[in-house]
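Please look through the sequence and the model below, and then follow the explanation that comes after them.

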Amino acid sequence: MQKVGDVLKKFKIEDDKYVSREFQQYGYDLATEIGDVKRVSYYIKIARDYPRGFIESARSFVKDAYNVRSRAKLFTWKLTELRKEKEAKDAKK
C-alpha cells in the first residue's frame, strides 16, 4: 500500500484526468505493464475486487515468464489458480 500523499504527488492532471481512486491507477498501471491497454476496465475491476497479494503474485509470475504468446491470458490464468487454491484451503477448515 502507498500513502495517499505519494499517490497524489505522482498524479498528472493531463494524463490521469479520469483517475479518481487509487485502485483505478493501479489497474491502469497493471494493464500497461501486461500490455493489454484495450481492457483497462477489466484490470481496474481486478484491482478493486481481488486482494493485492494475489495480484502481485500473478504479476510477478507473468514478469518471470519467458516467451509467452499472451501475457494477459497468463495473468488471468494465474489469478484464477491462486483464487482456487485459497478457496480449497478455506474449504478444508
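**A buried lysine, a core and its rings**

Leaving aside its neighbours within four places in sequence, Lys 78 is in contact (heavy atoms within 4.5 Å) with Ala 58 and Phe 61. The model is a predicted one, in which local features need pLDDT of at least 70 and side-chain atom pairs count only at pLDDT 80 or more, while totals for chains, interfaces and linings use all residues. Residues are numbered from 1 along each chain as its sequence is written, and side-chain values use heavy atoms, with hydrogens and water left out.

Lys 78 is found in helix α5, where helices (H or I, at least four residues) are DSSP runs numbered from the N terminus. Lys 78 is buried (under 20% relative accessible area, with over 50% counting as exposed and values in between as partly exposed, for a 1.4 Å probe and protein chains only), yet Lys 78 has no salt bridge (a side-chain nitrogen of Lys or Arg within 4 Å of a carboxyl oxygen of Asp or Glu), and the nearest side chain of opposite charge, Glu 85, is 5.2 Å away. In that comparison Lys and Arg count as positive and Asp and Glu as negative, whereas His and the chain ends are not counted.

The largest nonpolar core (buried Ala, Val, Leu, Ile, Met, Phe, Trp, Tyr and Cys residues joined through side-chain atoms within 4.5 Å) has 17 residues, and those touching the most other members are Leu 30, Ile 34, Tyr 43, Ile 46, Ile 55, Phe 75 and Leu 79. Two or more residues come from each of α2 (22-34), α3 (40-49), α4 (52-64) and α5 (71-92), and the largest share, 5 residues, is given by α5. The buried residues of α2, among them Leu 30 and Ile 34, pack against α3, α4 and α5.

The structure also holds 3 aromatic pairs (rings of Phe, Tyr and Trp, the last by its six-membered ring, with centres within 6.5 Å; planes under 30 degrees apart count as stacked, over 60 as edge-to-face and the rest as tilted). The rings of Tyr 43 and Phe 75 have centres 5.9 Å apart and planes at 50 degrees, so this pair is tilted, and it links helix α3 with helix α5 across 32 residues. Tyr 43 is buried, with a relative accessible area of 0%, and Phe 75 is likewise buried at 0%. The rings of Phe 61 and Trp 77, with centres 6.1 Å apart and planes at 45 degrees, also form a tilted pair, although here Phe 61 counts as partly exposed at 32% relative accessibility and Trp 77 as partly exposed at 45%.
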